[in-house]
Amino acid sequence: YKDRLNGFSNVLLNPDAYTLFGLPNAGADHGIVAHDPISNAILAFGIIPVAIGLVFSAWGMWQLHKVIFVMRDPTLQLLAASFLANAAGNIAVTIVNGNLLGTFPVNVFFWVSLAFAVSLRHADARLTASRPVEVQKAPAQQMLVRRPPGVSPGRFAPVPRNFQ
C-alpha cells in the first residue's frame with residue numbers, strides 16, 4: 001500500500017504532472033510514476049480531458065439518481081438504490097486502489113448492478129401505470145399532521161386541557 005501512497009504524493013506534489021493535455025509516454029520519460037487511475041489519466045491525457053470526463057460522469061450519476069428517487073414503489077426504489085450503491089462502491093474502490101473494474105467478476109457485478117437499477121425503474125413505471133389512482137379525502141386535522149399510522153405523536157404533543 002506504500003507504493004500507492006508514494007504514487008499519490010508523486011503526482012499530487014509534482015507540478016510537472018499537471019499539464020493541459022498530458023505528458024508523452026504518460027510521464028514515464030519524466031520519472032513520474034502513479035498507481036491509481038485518476039493520476040494515470042492526468043499523466044496520460046491531461047487536466048482538461050480528465051475534468052471533462054469527471055463532469056460528464058457526475059452528470060450521468062446525477063441523472064441516474066434522479067430517475068431512481070422518483071420511483072413510486074418503495075420496495076423497488078430500495079432495491080434500485082442498493083444496486084446503485086453497489087456500483088458506486090465499485091467505482092470508489094477502483095479510483096483509490098487501481099483498475100479493479102478491469103477484473104472479471106468485479107466488472108460483471110458492476111454492469112449487472114447498473115442494469116438491475118435501470119430495469120427496476122422500468123418495472124416501477126409499468127407497475128405504476130397498471131395501478132388505479134386512489135383519491136382519498138382526509139380531514140383537515142390529518143392533513144396537518146403527517147405521521148405514519150400507529151406512530152404516537154410524541155412527548156411534546158398538545159394535551160387537551162379543561163379550563164373551568
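A residue counts as exposed when its relative accessible area is over 50%, and as buried when that area is under 20%. These cut-offs are applied below to a predicted model. Tryptophan 111 has a relative accessibility of 58% and therefore counts as exposed. Phenylalanine 110, by contrast, is buried, with a relative accessible area of 7%. Across the protein, buried residues make up 21% of the 164 residues.

The secondary structure comprises 6 helices and 0 strands. Along the sequence the pattern reads α-α-α-α-α-α. Of the contacts with a separation of 6 or more, 54% join residues 24 or more positions apart.

Packing of two helices is described by the angle between their axes and the distance between the axes. Three helix pairs are treated in turn, beginning with α2 and α3.

Helix α2 covers residues 37-45. Its buried residues are Ser39, Ala41, Ile42 and Leu43. Glycine 46 follows α2 and has a positive phi, near 100 degrees. Helix α3 spans residues 47-69. The axes of α2 and α3 come within 7 Å and cross at roughly 130 degrees. The two helices are therefore oblique to each other. On the α2 side, the contact is made by Ile38, Ala41, Ile42 and Phe45. On the α3 side, it is made by Ile47, Pro49, Val50 and Leu54. By class, this contact has 8 nonpolar residues, with no polar and no charged residues.

Alanine 41 belongs to helix α2. It has a relative accessible area of 19% and is buried, because the cut-off for burial is under 20%. Leaving out residues up to four places away in sequence, alanine 41 touches Gly46 and Val50. Gly46 is the glycine that follows α2, and Val50 is among the α3 residues in the contact with α2. The C-alpha atom of alanine 41 is separated by 8.2 Å from that of glycine 22, which is 19 residues apart from it along the chain.

The next pair is α3 and α4. Their axes come within 9 Å and cross at roughly 160 degrees. The helices are therefore roughly antiparallel to each other, and α3 passes α4 in a left-handed crossing. From α3, the contact uses Met61, Leu64, His65, Ile68 and Phe69. From α4, it uses Gln77, Ala80, Ala81, Leu84 and Ala88. These residues divide into 8 nonpolar, 2 polar and no charged.

Helix α4 (residues 74-97) also packs with helix α5 (residues 104-130), the axes coming within 8 Å and crossing at roughly 155 degrees. An angle over 145 degrees counts as roughly antiparallel, and α4 and α5 are therefore roughly antiparallel to each other. The crossing of α4 past α5 is left-handed. In α4, the contacting residues are Leu76, Leu79, Ala80, Phe83, Leu84, Asn86, Ala87, Asn90 and Ile91. Their partners in α5 are Val106, Phe109, Phe110, Ser113, Leu114, Phe116, Ala117, Leu120, Ala123, Asp124 and Leu127. By class, the contact of α4 with α5 has 16 nonpolar, 3 polar and 1 charged residues. Ala80 and Leu84 of α4 appear in the contact with α3 and also in the contact with α5.

Two residues of α4 illustrate burial in this helix. Asparagine 90 lies in α4 and is buried, with a relative accessible area of 13%. Not counting residues up to four places away in sequence, asparagine 90 touches Leu101, Val106, Phe109 and Phe110. Among these, Val106, Phe109 and Phe110 are α5 residues in the contact with α4. Threonine 94 also lies in α4. Its relative accessible area is 8%, so threonine 94 is buried. With the same sequence neighbours left out, threonine 94 touches Pro37, Asn99, Leu100 and Leu101. Leu101 is thus touched by asparagine 90 and by threonine 94.

The structure holds 2 aromatic pairs. In one of them, the rings of phenylalanine 110 and tryptophan 111 have centres 4.9 Å apart and planes at 75 degrees. Plane angles over 60 degrees count as edge-to-face, so this pair is edge-to-face. The pair joins a buried residue, phenylalanine 110, to an exposed one, tryptophan 111. Phenylalanine 110 also takes part in the contact of α4 with α5, where asparagine 90 touches it.

How values were computed
Residues are numbered from 1 along each chain as its sequence is written. This is a predicted model: local features need pLDDT of at least 70, side-chain atom pairs count only at pLDDT 80 or more; totals for chains, interfaces and linings use all residues. Side-chain values use heavy atoms; hydrogens and water are left out. Buried means under 20% relative accessible area, exposed over 50%, partly exposed in between (1.4 Å probe, protein chains only). Helices (H or I, at least four residues) and strands (E, at least two) are DSSP runs, numbered from the N terminus. Axes are lines fitted to C-alpha atoms, for helices over the stretch in contact, and angles run from 0 to 180 degrees between N-to-C directions. Angles under 35 degrees count as roughly parallel, over 145 as roughly antiparallel, 65 to 115 as roughly perpendicular and the rest as oblique. A crossing is left-handed if the near helix is turned anticlockwise from the far one by less than a right angle, and right-handed if clockwise. Contact means heavy atoms within 4.5 Å. Ala, Val, Leu, Ile, Met, Phe, Trp, Tyr, Cys and Pro count as nonpolar, Asp, Glu, Lys and Arg as charged, and the others, Gly among them, as polar. Rings of Phe, Tyr and Trp (its six-membered ring) pair if their centres lie within 6.5 Å; planes under 30 degrees apart count as stacked, over 60 as edge-to-face and the rest as tilted.
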